[in-house]
Amino acid sequence: MNHDAYPDNYIRGILNSVKSIAMVGASPVNVRPSYFAFKYLAQRGYDMIPINPGHVGKDLLGKPFVASLSDIGRPVDMIDIFRNSSHIMPVVEEALTLDPLPKVIWMQLGARDDAAAAKAESVGIKVVMNRCPKIEYGRLSSEISWMGVNSRTLSSKRAPAPTQGMRLSLNRMSVGGGDTAASDRAAKNKTEQS
Amino acid sequence: MSDRPPGFSTLAVHAGAQPDPTTGARATPIYQTTSFVFNDADHAASLFGLQAFGNIYTRIGNPTNAVLEERVAALEGGTAALAVASGHAAQVVILQQLLQPGDEFIAARKLYGGSINQFTHAFKSFGWNVVWADPDDISSFERAVTPRTKAIFIESIANPAGSITDIEAISTVARKAGVPLIVDNTLASPYLIRPIDHGADIVVHSLTKFLGGHGNSLGGIIVDAGTFDWSTGGKYPMLSEPRPEYHGIRLQETFGNFAFAIACRVLGLRDLGPALSPFNAFMILTGIETLPLRMQKHCENAKAVAEFLAGHPAVASVSYAGLPSDKYNQLARKYAPKGAGAVFTFSLKGGYDAGVNLVSKLQLFSHLANVGDTRSLVIHPASTTHSQLDDAAKVKSGAGPDVVRLSIGIEDKEDLIADLEQALGA
């Protein structure tokens, strides 16, 4: 997988197929991105599991905190890692001990570890790096267009009127739209320099 | 549908717009409303805290304006955009995110006279200090860099003389200095030049000109290229540090490669207030649908008029980068191969008086202070758009006393040439 620019179908396929998401580094502080990404994904119907050893015994929006991936005690489709690049490898190594293996490992905006990604991909796990599932969900459903963001999709079909708590369709009949290649190149250059 | 990326003209018609979910309306509706209801208290709090996507109040965002924003972002190859009330408002909002009082930015000396004035006087009262550099001498940008430099500002095609700026060379200086390059792309429009492809980090437009294209609506827009890393060195605290207005959110961390556009919206537009009317957004969107067709005609007509003027005995010189003999022709071939734009200047052998005489005799050309209209326009910059500059600065910016500026419209070129011929001849 080219981790500088993901095809829309790759991201759409992941967000349409996973049902449970364990979020490593989920925070109970309501101004942290992990908190509101967790909340958004829960509202869109994903079965969310907060992982944070510092908050075991408490819950996040009604879901009990779990200390580590090994403690979840049930299969999980996707692991969403809200940690800096330097803390990715141990989380991926722990994920690779799970049985069954997760189908997807997702690293948040700003997080990228190509060696960890290669390890996960070598056992058939799909990997996404330096992206936010909330932003990608909003982009493919075109909900993020309210913010003037280039969704990179075009469609001549009428979308369903969004209502509270509904699962927005990511299967809009759409074609590729405006490119953001310059931004992808800049992210790649930054990775290569670090 | 194939994975083939759509072309520019397809984006100009479709990007950002989808049939209205409620009514099925195919043209983008004008959401002429100040405010939007919340689902409940939690939804309201999430929207105010930047935690959910949605509409609150038209001073922060509006669905009609959002279509315009996404369309221009797509045409420029940026990650996101923010539309505001005018090009001048866009410049204030951009620099408010980048500069603290006492900071500096470097600007090309060849700019729209209104920008020179805004940078020199209005911004001085905010403590934002402009340092001028010569776009024809790249080393003058290098020499102007200091530890307080926060940005570099240039025009892709510079007003008034239509000179072409070497965007890539200046972007190299900006990268070395660790500051973003801001490019005003008003006179080119993304149809002729896409500055992001040449290293721009932020693109700004007066939508009033070629994008709107019909001389009927003011507007400005800021496009985020998504290329600049705002987190390094604490140089851009509006983007990298926790924002007290939003309970400690860090915008770069939260919004990634479109954080600058969000900063302009939630810190700039929200607090300074220069919102674009949704009606203007609708007019400008309608204009953009025909941008490729209009720009082809503007450029074809401009080249024909420039060639006619260059061969006329009363004309001393023509400054149009589309002419093979022009100083900027090499740069025009590189950056604007589809055409060198439609705004340029010429000077008359008879000097200032001949210029005044010409303007008074023209019948089709309108004498007014705008460019990028369907109609052909004429003005004498030294006494109008560039009148606030002293004589030396006028000459340096290409607006000397003998210079006349034209903005060529989309009429029949034979009629434009005939009008100039009768006005020059008598």
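## A tour of two interfaces

Begin with chain B of this predicted model, and colour its two domains separately: taken over C-alpha atoms, the centres of domain 1 of chain B and domain 2 of chain B are separated by 28 Å. To make the selection, take residues 33-287 of chain B as domain 1 and residues 291-425 as domain 2. Where they meet, domain 1 of chain B contributes 38 residues to the contact and domain 2 of chain B contributes 40 residues.

**Between the domains of chain B**

Next, display the surface that the two domains cover on each other, about 3,200 Å² of buried area between domain 1 and domain 2 of chain B, with 61% of it given by carbon and sulfur atoms. On the domain 1 side, select Pro160(B), Tyr191(B) and Phe210(B), which lose the most area to domain 2 of chain B and together make up 25% of what that side buries.

Then turn to the charged pairs, of which two salt bridges are counted between domain 1 of chain B and domain 2 of chain B. Select Lys334(B) together with Glu168(B), whose side chains meet in a salt bridge with an N to O distance of 2.9 Å. Widening the view to polar contacts in general, the interface of these two domains of chain B has 17 residue pairs, both residues being at pLDDT 80 or more. With the cartoon shown, the elements of domain 1 that give two or more residues to the side touching domain 2 of chain B are α5 (113-122), β6 (163-164), α7 (167-177) and α8 (189-192) of chain B. Coloured by residue class, that side of domain 1 of chain B divides into 17 nonpolar, 15 polar and six charged residues.

**Between chain A and chain B**

Now bring both chains into view and select the residues in contact, which number 45 from chain A and 53 from chain B. Chain A and chain B bury about 3,900 Å² between them, and carbon and sulfur atoms account for 55% of that area. On chain A, pick out Trp146(A), Met147(A) and Arg158(A), since these supply 17% of the area that chain A buries against chain B, more than any other three residues.

Which charged residues should be shown here? Four salt bridges are counted between chain A and chain B, and one to select is Asp229(B) with Lys190(A), where the closest N and O atoms are 3.3 Å apart. The interface of chain A and chain B also has 18 residue pairs in polar contact, both at pLDDT 80 or more. At least two residues each of the side of chain A that touches chain B come from α2 (33-43), α5 (133-140), β8 (153-154), β9 (175-176) and α6 (181-193) of chain A. Of that side, α2(A) gives the largest share, six residues, and the whole side divides into 18 nonpolar, 17 polar and 10 charged residues.

Stay with α2 of chain A and select Lys39(A) with Asp42(B), which form a salt bridge with their closest N and O atoms 3.0 Å apart. Because Asp42(B) lies in helix α2 (residues 41-48) of chain B and Lys39(A) in helix α2 of chain A, this pair joins two chains. Over all chains, the structure holds 28 salt bridges.

**An annotated stretch of chain A**

Finish by selecting residues 14-111 of chain A, where UniProt, in an unreviewed entry, places the feature "domain: CoA-binding". Over this stretch chain A is 23% helix and 22% strand, with the end C-alpha atoms 18 Å apart.

Definitions and conventions
Residues are numbered from 1 along each chain as its sequence is written. Chains are lettered from A and ligands numbered from 1 in the order in which they are written. This is a predicted model: local features need pLDDT of at least 70, side-chain atom pairs count only at pLDDT 80 or more; totals for chains, interfaces and linings use all residues. Side-chain values use heavy atoms; hydrogens and water are left out. Domain bounds come from an automatic or database domain assignment. Contact means heavy atoms within 4.5 Å. Buried area is the accessible area (1.4 Å probe) that two parts lose on being put together, summed over both. A polar contact is a pair of N or O atoms within 3.5 Å; within protein, one must be able to donate a hydrogen and the other to accept it, and residues adjacent in sequence count only if both atoms are side-chain atoms. Helices (H or I, at least four residues) and strands (E, at least two) are DSSP runs, numbered from the N terminus. Ala, Val, Leu, Ile, Met, Phe, Trp, Tyr, Cys and Pro count as nonpolar, Asp, Glu, Lys and Arg as charged, and the others, Gly among them, as polar. UniProt positions are given in the numbering used here, feature names are shortened, and annotations may be inferred rather than shown by experiment.
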